[in-house]
Amino acid sequence: MIALSSATKKALIAIDIKGKKACLDLDEKIKHSENILPQIDNLLGSLSLSIKDNDIFAVVVGPGSFTGIRVGMALIKGFCAGERKKVVPLSTLSFMAYVYIKQNSPQTNFATIINALSGFYFFCEFDQTGSKIGQEKLVTKEELDQISLKKISLKEEALTENVIDLNAQDLLEYAQKAQKQGEEINAHKLCAVYLRKSQAEANLEEKKLKNS
């Protein structure tokens, strides 16, 4: 398996092929679009492997950074082009829940949140086992403040008192768990989870309304 997350500021790459493993957390200051592919090549080379040795991929499909999501999905789709490879789509919010449970063993429901910018937040509630309660959604700051659940945010965003730091080893574990649960799909069915329009799309619609 090759697992990739580029939906947040810090990109994560994890490889587990033929018993050979490598994990890498990329500096959040480095552009994902310029560095992920070379780093994957470097990791495979260090293991004396090639991309053809891999039989399944996993990728975080969102929500999160629009650009980051597109970069990750484009790479995975490129790797699978012309090949009958399977892909495990992963949720950023569910991945966060997995890491929080692993580190804290919560006894009550909780929520994971990500800054969606412009006063909005990506939100999802989970029970103690990591199962979703309801759907992933976009909420305003006012709506978020009214929710009494313990809220878990990313260390890089520090939106709450309870923060987690995602890493590539946890990504690999979570991806393999999802694969075992039968969540793999054909690569051509891979879809991004944005939950909201990008700022560019919102600005364009606003401009059209003003000109109409």
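Student: Which way do strand 6 and strand 9 run, and how many bridges join them?

Tutor: In this predicted model, strand 6 and strand 9 (residues 150-154) run parallel and are joined by three bridges. Within that pairing, A111 has K151 as its bridge partner in strand 9.

Student: And what stands opposite A111 in strand 7?

Tutor: That is E125; strand 6 and strand 7 run antiparallel, with seven bridges between them. The two strands form a hairpin with two residues between them, and S118, in the turn, has a positive phi of about 55°.

Student: Why is strand 6 described as largely enclosed?

Tutor: Of the eight residues in strand 6 (residues 110-117), six are buried, so the strand is largely enclosed by the rest of the structure.

Student: Moving along the chain, where is D127 placed?

Tutor: D127 is in the loop between strand 7 (120-126) and strand 8 (132-140). Although D127 is buried, it has no salt bridge, and K177, the nearest side chain of opposite charge, is 9.2 Å away.

Student: Which side chain does D127 join in a polar contact, then?

Tutor: The side chain of D127 makes a polar contact of 2.7 Å with the side chain of T129. Setting aside neighbours within four places in sequence, D127 is also in contact with I101, N109, F110 and I133.

Student: Different topic: what's the strand order in the open sheet of six strands?

Tutor: The order is 3-2-1-4-5-11, and the pairing is mixed. Strand 3 (20-25) and strand 11 (185-186) stand at the edges with a single partner strand each, so one side of each has no neighbour in the sheet.

Student: How does strand 11 pair with strand 5?

Tutor: Strand 11 pairs with strand 5 (residues 86-91) in the antiparallel sense, over two bridges, and I185 in strand 11 stands opposite V87.

Student: Which strands does helix 2 touch where it packs on that sheet?

Tutor: Helix 2 (residues 66-80) touches strand 1 (2-5), strand 4 (56-62) and strand 5, and its direction makes about 155° with that of strand 4. Helix 3 (residues 92-104) also packs on the sheet, touching strand 2 (12-17), strand 4 and strand 5, with its direction at about 75° to that of strand 5.

Student: OK, salt bridges: how many are there?

Tutor: The count comes to seven. One of them joins the side chains of D165 and K10, at 2.8 Å from N to O. This pair links distant parts of the chain, 155 residues apart, with D165 in the loop between strand 10 (162-164) and helix 5 (168-180) and K10 in the loop between strand 1 and strand 2.

Student: Is K10 buried or exposed?

Tutor: K10 counts as buried, at 14% relative accessibility, whereas D165 is partly exposed, with a relative accessible area of 35%.

Student: What about D16, which residue does it form a salt bridge with?

Tutor: D16 forms a salt bridge with K21, the closest N and O atoms being 4.0 Å apart. D16 is buried, with a relative accessible area of 17%, while K21 counts as exposed at 52% relative accessibility.

Student: And which parts does the pair of E173 and K102 tie together?

Tutor: The side chains of E173 and K102 meet in a salt bridge of 2.8 Å, N to O. E173 lies in helix 5 and K102 in helix 3, so the pair ties together parts that are 71 residues apart in sequence. Both count as partly exposed, E173 at 25% relative accessibility and K102 at 43%. K102 and E173 are also linked with D170 in a network of salt bridges.

Definitions and conventions. Residues are numbered from 1 along each chain as its sequence is written. This is a predicted model: local features need pLDDT of at least 70, side-chain atom pairs count only at pLDDT 80 or more; totals for chains, interfaces and linings use all residues. Side-chain values use heavy atoms; hydrogens and water are left out. Helices (H or I, at least four residues) and strands (E, at least two) are DSSP runs, numbered from the N terminus. Buried means under 20% relative accessible area, exposed over 50%, partly exposed in between (1.4 Å probe, protein chains only). Lys and Arg count as positive and Asp and Glu as negative; His and the chain ends are not counted. A polar contact is a pair of N or O atoms within 3.5 Å; within protein, one must be able to donate a hydrogen and the other to accept it, and residues adjacent in sequence count only if both atoms are side-chain atoms. Contact means heavy atoms within 4.5 Å. Two strands pair if DSSP finds at least two bridges between them. Axes are lines fitted to C-alpha atoms, for helices over the stretch in contact, and angles run from 0 to 180 degrees between N-to-C directions.
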